[in-house]
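Thanks for asking me to look this one over. My notes are below as numbered points, so you can follow along with the model open.

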Amino acid sequence: MTFQFFLTTNGGLKKINLKISDPSKNTHFIFRTPFSIDENDWDPKKERPKNIYIKKYKRLYEKMNNLKLELKQYIEKKNEIGKSINQRLLSAKAKQIYAEGKKEFFESTLLHFMQLYISTKENLICTSTYKRYKVFFNLLQRFEAHMMSRLRIDEINATFIKDFMIFGKEEQYSENTIYRTIHFVKTILNFAERKGIRTCVRELEIKREKQNKEIITLNEHELIQIKKTNVPVELQAAKDWLIISCYTGQRFSDFMHFSTDQLIQIDGRTCISFVQQKTQKQIILPLHPTVLNILRKNNSQFPSLMDMKDYNDCIKRIAKIAKLNERVNAKKRFGFRSKNVETEKWNVISSHIGRRSFATNFYGKIPTPLLMEATGHSTEQMFLRYINPVNMENVISLGKYFDKMYTDRNLSANIMQSSQSNKHFKIESIK
């Protein structure tokens, strides 16, 4: 059985039609749905809106998928009891589905347990984690429509993982998104098991997603370069925040809300005390002299507040003025997808670079447990994901160690050889 959406041939705002074909019964039904869309926003190849991430088209796509799945279930039930299907019945059923809107998910389905899990965690997790869970949920809804089948909790097995990975690659999702979604599904299976539902979770072997992306950081030399760069007045606050973020290692949601009310003195040292929004961890962080200098320059105040979009735009401009033109490989967002590109460093700088730079620049110089206490990471494994493995300063330092060891070894060899020569000379002289 196949379902095909297509547009009417006339009119500016096109009506979306649906064709249902069942070759085994030699039946074809075509009827007009209640949906409509501008022809320029329609993808005839994928039979859906071109951009399913625009709010209105996201809702439209969900309704189309729901209609398709509900009609398929309706037809299958009629076939099971030997009832025939005709055009009139399908049109009436389509109108009923549209009028009823989205139904609750059956208790035996994966999406039901996902919805239940997210609702139980809603008040225990931060906003960003909740949004990420909703992304996984929406992705699984689209996968259901792709497979033309409701996903039952007891049918989530190795075949599901294989099919989902194929779907994710066809839809050009990143490996990171695909694997994180699969791991979230495994979390849901464990959640269902705790409720007494038998699943195939113990049979699933899922590797971790590949962490092969290049981590973009600012090294000490580049930070000095930025500090020395004169910027227009409208960029000064963003410049100060960028430097503050690189010497405190905090997320945008935390450092952008730093205030002098959070400053405390411990043993004569100025520290800042705050609760991280994402983790709800209490952090007490001694302020680096560079941060204290910025405060002194700003009459003992932190820079003015900025929203993330303006901040990201501004720090790109600052990095460009500072001539951070090194070519790097990085992910850059184009529309609703990220792609690997080679570009100049200033072009891919964003709000998280401060946190990564802090972790990278101080790693190996300060004990890792102290750094983790500052950043709020719970495990060293998570902390190390922030470290740029290609740290040029470390490479140079290693090279200096090699040179020093080589020089010291040669010096020792020369001293020994000289000593042996002198000894031989003395023996010869005695003779």
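Among contacts in the protein between residues at least 6 apart in sequence, what percentage join residues at least 24 apart?

1. The figure is 59% for contacts that join residues at least 24 apart, taken among contacts between residues at least 6 apart in sequence. Please keep in mind that this is a predicted model.

2. Some overall numbers to start with. The protein has 431 residues, and 42% of them are buried. Its secondary structure comprises 15 helices and 10 strands. The exposed area comes to about 25,500 Å², with carbon and sulfur atoms supplying 52% of that area.

3. Next, the sheet at the start of the chain. Here 3 strands make an open sheet, ordered β1-β2-β3, with antiparallel pairing. Because β1 (2–7) and β3 (27–38) are the edge strands and have a single partner strand each, one side of each has no neighbour in the sheet. From one strand to the next, the twist averages 20 degrees.

4. If you want to look at the pairing itself, go to β2 (residues 13–22), which pairs with β3 in the antiparallel sense over 9 bridges. A handy landmark is K15, which stands opposite S36 in β3.

5. Two helices pack on this sheet. Helix α1 (residues 55–80) touches β1, β2 and β3, and its direction makes about 160 degrees with that of β3. Helix α2 (residues 87–100) touches β2 and β3, and the angle between its direction and that of β3 is about 30 degrees.

6. Further along the chain, have a look at a hairpin. Strand β6 (residues 263–266) is joined by 4 bridges to strand β7 (residues 269–275), and the two run antiparallel. There are 2 residues between β6 and β7 in this hairpin, and D267 in the turn has a positive phi of about 55 degrees.

7. Which residue of β7 does I266 stand opposite? It is R269. I266 itself is found in strand β6.

8. That residue also takes part in a surface feature. I264, I266 and I284 make a nonpolar surface patch of about 230 Å². Is I266 buried, exposed or partly exposed? I266 has a relative accessible area of 40%, and since buried means under 20% and exposed means over 50%, I266 counts as partly exposed. The 40% for I266 is also in keeping with the patch cut-off of over 30% relative accessible area.

Methods: Residues are numbered from 1 along each chain as its sequence is written. This is a predicted model: local features need pLDDT of at least 70, side-chain atom pairs count only at pLDDT 80 or more; totals for chains, interfaces and linings use all residues. Side-chain values use heavy atoms; hydrogens and water are left out. Two strands pair if DSSP finds at least two bridges between them. Axes are lines fitted to C-alpha atoms, for helices over the stretch in contact, and angles run from 0 to 180 degrees between N-to-C directions. Contact means heavy atoms within 4.5 Å. Patches are made of residues with over 30% relative accessible area and no salt bridge: like charges are joined within 9 Å, nonpolar side chains (Val, Leu, Ile, Met, Phe, Trp, Tyr) within 5 Å. Accessible areas come from the Shrake-Rupley method with a 1.4 Å probe; for residues, only the protein chains shown count as cover. A salt bridge is a side-chain nitrogen of Lys or Arg within 4 Å of a carboxyl oxygen of Asp or Glu. Buried means under 20% relative accessible area, exposed over 50%, partly exposed in between (1.4 Å probe, protein chains only).
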